[in-house]
Amino acid sequence: MLIRSAKFLTSNTRVDQCPVPDKPEYAFIGRSNVGKSSLINMLTGHKGLAKTSAQPGKTQLINHFLINDYWYLVDLPGYGYAKVSKDSRAAWERMIRFYLRERPNLTCVFVLIDSRHEPLAPDLAFIDMLGTMGVPFVLVFTKADKQSALRTQQNVAAYTAKLSETWDELPRQFITSASEKTGRDEVLSFIEEVNQQLAQNPDNA
Ligand SMILES: Nc1nc2c(ncn2[C@@H]2O[C@H](COP(=O)(O)OP(=O)(O)OP(=O)(O)O)[C@@H](O)[C@H]2O)c(=O)[nH]1
Ligand SMILES: [Mg+2]
């Protein structure tokens with residue numbers, strides 16, 4: 001897919017204030033600092049589109065972007081940042097659950113996972129929640145440039161093994177690096193494919 005345009009639209013805490021849900025929507029989520037905003041900038045080819053930071057917890061709101069005037073891309077605040085208070089963690093969970101449940105045009109959630117780590121409890125818990133809620137999702141392993149390809153493969157395999165314990169069907173997986181632009185074509189082709197399926201079968205939206 002060629003990115004012809006990428007525009008920031010709105011930042012919200014409330015689902016009912018998000019843009020009109022008349023387009024396919026793809027949301028990016030994962031632990032704080034996993035590289036969500038960097039991946040969004042890499043995919044869209046706009047360096048400063050989503051705010052990135054070396055400090056975890058930068059993204060606090062539901063951020064909507066409009067891509068090619070055709071689909072929404074959403075940067076969601078990360079989970080699992082140890083330094084946030086219990087209250088803000090609960091607020092995050094409320095907001096995200098509400099978003100996942102109430103956003104009618106939500107097409108697919110991209111769960112970002114740091115490819116340097118073996119399966120971590122907060123990621124597994126979030127994946128479980130998506131499964132329970134019946135939200136379609138795929139896995140994106142980030143920061144693949146930070147270690148050898150073999151190490152990345154081993155960590156991805158550990159994830160696959162862990163998820164196989166609970167799930168019969170495994171989600172699609174992508175390996176990415178924002179700095180090396182790895183996985184860009186694969187992720188964008190996937191979105192294009194799903195957009196085309198939706199255009200042919202709008203009832204499945
Ligand atoms: N080497 C490398 N560094 C990356 C990559 N992606 C992100 N980073 C770095 O990781 C840090 C966090 O990146 P962000 O994109 O801000 O992460 P985020 O998930 O949006 O973080 P929050 O919004 O705070 O939850 C920054 O210092 C990025 O430069 C990558 O693919 N490779
Ligand atoms: Mg961010």
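Start with strand 5, residues 106–114, where Cys108 is the bridge partner of Tyr26. That pair belongs to the contact between strand 2 and strand 5, which run parallel and share six bridges. Strand 2 covers residues 25–30. Before going further: this is a predicted model, with a mean pLDDT of 90 for the chain and 92% of residues at 70 or more. Its ipTM is 0.98 and its pTM is 0.93.

Now the other side of strand 5. Strand 6 pairs with strand 5, again in the parallel sense and again over six bridges. Here Leu112 has Val140 of strand 6 as its bridge partner. Between these two strands comes helix 3, residues 121–133, and strand 5, helix 3 and strand 6 together form a right-handed β-α-β unit.

How much of strand 5 is buried? Seven of its nine residues are, so call the strand mostly covered. Take Val111 as an example. Beyond its neighbours within four places in sequence, Val111 contacts Ile29 and Gly30, then Phe126 and Ile127, and also Phe137, Leu139 and Val140.

That leads to the core. The largest nonpolar core contains 38 residues, and the ones with the most contacts inside it are Ala27, Phe28, Val111, Leu112 and Val140. At least two residues each come from strands 2, 3, 4, 5 and 6 and from helices 1, 2 and 3. Which element gives the largest share of this core? Strand 5, with six residues.

Next, the sheet as a whole. There are seven strands in an open sheet, ordered 1-3-4-2-5-6-7, and the pairing is mixed. Strand 1 and strand 7, the latter at residues 173–175, are the edges, each pairing on one side only. On average, neighbouring strands are turned by 25 degrees against each other, ignoring direction.

Moving from strand 2 towards the strand 1 edge, strand 2 joins strand 4 through four bridges, in parallel. In that pairing Phe28 has Asp75 of strand 4 as its bridge partner. Strand 4, residues 71–75, then pairs antiparallel with strand 3 over five bridges, and one of the partner pairs there is His64 with Val74. Strand 3 and strand 4 make a hairpin with three residues between the strands, and in it Asn68 has a positive phi near 50 degrees.

Strand 3 goes on to pair with strand 1, residues 6–12, in the antiparallel sense through six bridges. Phe8 sits opposite Phe65 of strand 3. As for burial, five of the six residues of strand 3, residues 62–67, are buried, so the strand is largely enclosed by the rest of the structure.

Two helices to finish. Where does helix 1 pack? On the sheet, with strands 1, 2, 3, 4, 5 and 6 all touched, and its direction is at about 140 degrees to that of strand 2. Helix 4, residues 149–164, also packs on the sheet, touching strand 5, strand 6 and strand 7, at about 160 degrees to the direction of strand 7.

Why call helix 1 largely enclosed by the rest of the structure? Because nine of its nine residues are buried. The buried residues include polar ones by name, so here is the list: Lys36, Ser37, Ser38, Leu39, Ile40, Asn41, Met42, Leu43 and Thr44. After helix 1 comes Gly45, with a positive phi near 75 degrees.

Definitions and conventions. Residues numbered from 1 in each chain as written. Chains lettered and ligands numbered in written order. Predicted model: local features only at pLDDT ≥ 70, side-chain atom pairs only at ≥ 80, totals over all residues. Buried ≥ 20, exposed ≤ 12 C-beta atoms within 10 Å, placed from the backbone. Pairing = 2+ DSSP bridges. pLDDT = per-residue confidence, 0-100. Core = buried A, V, L, I, M, F, W, Y, C linked by C-beta atoms within 7 Å. Contact = placed C-beta atoms within 7 Å. Axes fitted to C-alpha atoms, helices over the stretch in contact; angles between N-to-C directions. Right-handed = clockwise from strand over helix to strand, strands pointing away.
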